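Here's a quick tour for anyone meeting this structure for the first time. Have a look at it below, then read on for its pockets and its cores.

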Amino acid sequence: MRHRGRPSAPTALALVAALTGCALTACAPAGEPAAGPAATRARSAPAPATGPPYRRWGLKSPLAPAPAPTRPKSPPRPLSPVLDRVSTSDRVVFLTYDDGAERDPQFVDMVRELRLPVSVFVTDSVAGPAYAHFARLREVGADLQNHTLDHAALRGLPYAGQRAEICGQQHKLNARFGLRPRLLRPPYGAYDTTTRRAAADCGITAIILWRASADPEDPHRLHPGDILATTPDRTPSLLRQIQRQHLTVGKLEDYL
């Protein structure tokens, strides 16, 4: 007589074989592919980054909001002042970018997602072919400023040549964007008294240099009011440094 609760010997052997095969091939439920090495790798691959935008750029928390600045009002000067930092007790630093040669669309995303106040000093001969990129940057909050028409070293040039470089870029940016910048960064940081006079005559209220650059070799410790020269690719690491030193990013134009 056959016992209902116990399978016959052939049936038991078949079950053992089936179970052994599943152990070797990682049987999947009906309708699903067996899990081989490729499937294992797919399951172990990290999921795309999700969550708040600041995590995408490697920050542990959002940037602290900059305090409302108090901008002193001063009469026009015959010579534009030259600054590499802003005199302020607010714990802010300022991010600046030059030329317009780097046009990474991810930088537009970063400025928009982090609401990052940045100042971009634009040279027409460099940025002119891609002004649409700078229009997008301006739409997400970046400020466009003057970096001369052709990136000429201004120091030592006669007044007429310096005025042509500075005023010429003022006209270009006004024609393209409807703005007349108040800030100038002279190419290579080179300027003289003639630069300051020509800049003032072109409507520039300050010549902007920089206190530090986002360079791993630069040992400079950041201080409130520092004007920083950096590049889009170095910005995330610089933002982490800014947060570690309990600073945040301010809008340069609001302080000048």
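**A pocket and two cores**

β2 and α6 each put at least two residues into the lining of the second largest pocket. Keep in mind that this is a predicted model. Those two elements turn up again in the largest nonpolar core, where each also supplies at least two residues.

**The second largest pocket**

- This pocket has a volume of about 340 Å³.
- It's lined by 21 residues, and Y97, D98, E102, T230 and T231 are the ones closest to its centre.
- β2 makes the largest contribution to the lining, with 4 residues.
- As for the chemistry of the lining, you'll find 10 nonpolar, 6 polar and 5 charged residues.

**The largest nonpolar core**

- There are 34 residues in this core, and those touching the most other members are L95, L116, V118, V120, F134, L239 and I242.
- Helices α4 (105-114), α6 (131-139), α7 (159-177) and α9 (235-244) each bring in at least two core residues, and so do strands β2 (92-99) and β3 (118-122).
- α4 gives the most here, with 5 residues.

**A look at I242**

- What does I242 touch, once neighbours within four places in sequence are set aside? Its contacts are V93, L95, L222, L228, L247, T248 and V249.
- L95, one of those contacts, is also among the core residues that touch the most other members.

**Another core**

- Apart from the largest core there's another one, made of 11 residues, including F94, L183, I208 and I227.

Definitions and conventions: Residues are numbered from 1 along each chain as its sequence is written. This is a predicted model: local features need pLDDT of at least 70, side-chain atom pairs count only at pLDDT 80 or more; totals for chains, interfaces and linings use all residues. Side-chain values use heavy atoms; hydrogens and water are left out. A nonpolar core is a set of buried Ala, Val, Leu, Ile, Met, Phe, Trp, Tyr and Cys residues joined through side-chain atoms within 4.5 Å. Buried means under 20% relative accessible area, exposed over 50%, partly exposed in between (1.4 Å probe, protein chains only). Contact means heavy atoms within 4.5 Å. On a 1 Å grid over the protein atoms alone, a cavity is a set of points where a 1.4 Å probe fits but cannot get out, and a pocket is an open set with protein on both sides within 12 Å along at least five of seven lines; lining residues have an atom within 4 Å of a point. Grid points are joined across faces, edges and corners, and a volume is the space filled by probe spheres set on the points. Ala, Val, Leu, Ile, Met, Phe, Trp, Tyr, Cys and Pro count as nonpolar, Asp, Glu, Lys and Arg as charged, and the others, Gly among them, as polar.
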